[in-house]
Amino acid sequence: MRLVALDTLAECIGLKRGQGAAEARAMCPALDVIAADPAADQAFLEGLADWCDRYTPLVALDGKDGLFLDITGCAHLHGGEKGLVSDVLSRLFSLGVEARATVSSAAGLSWAVARYGSADVIEPGEADRVLAPLPVAALRLPAETAAALERVGLKQIGDLLEAPRAPLARRFGSLLLLKLDQARGEADEPLSPRLPVPSFSAERRLAEPLMDEEYILELARHLAKDVRASLERHGEGGRLFELLLFRVDGRVFRVRAHAAIPLNDADRIAALFRERLQALHDDLDAGYGFEILRLAVLRSERLDPAQQDFSGVPEESQPLAAFIDKVSARFGPDCLMQASLAESHLPERAGGFAAVRDVAAVMGSPASDDKFFAGRPFPENRPLRIFSYPELVEATAEVPDGAPRSFNWRKTQYRVARAEGPERIAAEWWIDGEGHPTRDYFRVEDQQGRRFWLFREGLYGREVAAARWFMHGVFA
């Protein structure tokens, strides 16, 4: 048992990460040790990342205990950089979280000072002065590289700033110079946000927490009006919306709603979330209320303006879209399914069901990316009912390529009166492998007029020694 994390008091009494728990208890008999739970720690860090969305949508995870926030263009909304840092730390302290934060023009510099320094805001041009007294471990180097630097007397970053670069690169590798340049802001270090940045968004910060669902929906409608103005300027309509509810205690709820057609109407958007909130009523705990509401458009499409006539009759797609939106929002996006075609010549893979999320796909529009059965003739050589999994049968047939004369299926024997085939279908080697056997399909009719679809798996003498027969569908 070893220590993996310490609080400030434990560090002050001389405990270190990696130290044995028995040794630590000998140094401090009153030590409180809690078993590590990496999954819970990661979930907690993800929750803090959601909470930080109130400051900027560009939030990236930094290992197991840190976050990167790109606050470019956001600091003035919180009283400047110092005001933002003060607000973050004070709110986290009220939530019971001990944290340190640093704002600078380089991610590496902020990382180093937040963990090994004490500055909260570093002005441009002060990177070398701030980095000089910090240990070389502040450069995010591998442990073996940092130990090798310390063995030769290069214990502080200031020692590296004064040393020639070429000998450092030859002895310790180019990674050392890269991390040093990133900390000084001379090399780019892009951050990857954990969530996609919405194209359009609107936000309201409330003076008093909000708990009533009707008020939340009304505020969502006002946010939809703000979003609509941005969508109209770009000539687009939203297809995927997300309502973020920031609770007072730090928890963040994300409620997503899909639209069957591009939308920019505030009432239609608010209606989507009315259904979603009713479906999530038991799971959406308002607690002491929500202090921030944000409506974001995660996906949008081109919305061409349409001229309405004087009859007052809506377009054919409008009622259908409203129905799809309402049912999907209430019961989930997979509650409505439609038969679809797939790019495969194997029968069990050539068809299936797909969730209905697009009115154009339902109405058979050629603009849809999904390949639905609407408007397509059904193949005559395929049965009306195809089994999801072919069923093994015992068949008697001529060798090597003859049609079956009789077969036993589901404890019943059938004698074949007529047969047509074979239709040879090779395996998809890029999925099943090159050794997967070939199929020969036959359409057969028994003496009572029942028609079946069977196939022989494997070619005699070339692929298998004894082929197997399967029932794959029935015509009538």
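Lys and Arg count as positive, Asp and Glu as negative; His and the chain ends are not counted. The place of a charge is NZ of Lys, CZ of Arg, CG of Asp or CD of Glu.

The model is predicted: local features need pLDDT of at least 70, side-chain atom pairs count only at pLDDT 80 or more, and totals for chains, interfaces and linings use all residues. Residues are numbered from 1 along each chain as its sequence is written, and side-chain values use heavy atoms, with hydrogens and water left out.

**Exercise 1. Find how far apart the mean positions of the positive and negative charges are.**

Step 1. Count the charges: the protein has 58 positive and 72 negative.
Step 2. Compare the two mean positions: they are 4 Å apart.

**Exercise 2. Decide whether the protein is a compact globule or more spread out.**

Step 1. List the elements: 16 helices and 14 strands. Both are DSSP runs numbered from the N terminus (helices H or I, at least four residues; strands E, at least two).
Step 2. Take the radius of gyration over C-alpha atoms; the globule rule is 2.2 Å times the number of residues to the power 0.38.
Step 3. The radius is 33 Å, well over the 23 Å that the rule gives for 476 residues, so the protein is more spread out than a compact globule.
Step 4. Add the extents: the C-alpha trace spans about 95 × 70 × 50 Å along its principal axes.

**Exercise 3. Explain why Cys12 and Cys74 form no disulfide.**

Step 1. Fix the cut-off: a disulfide is a pair of cysteine sulfur atoms within 2.5 Å.
Step 2. For Cys12, the closest cysteine sulfur is in Cys28, 12 Å away, so it is too far for a bond.
Step 3. For Cys74, the closest is in Cys52, also at 12 Å and too far for a bond.
Step 4. The disulfide count is 0 by this rule.
Step 5. Check exposure (buried under 20% relative accessible area, exposed over 50%, partly exposed in between; 1.4 Å probe, protein chains only). Cys12 is exposed at 62%, whereas Cys74 is buried at 13%.

**Exercise 4. Place Glu398 and list what Glu398 touches.**

Step 1. Glu398 sits in the loop between strand E9 (385–397) and strand E10 (404–409).
Step 2. Its relative accessibility of 44% makes Glu398 partly exposed.
Step 3. Leaving out residues up to four places away in sequence, Glu398 touches Ala403, Arg405 and Arg456. Contact means heavy atoms within 4.5 Å.
Step 4. Leu77 is 321 residues from Glu398 in sequence and 82 Å away in space, C-alpha to C-alpha.
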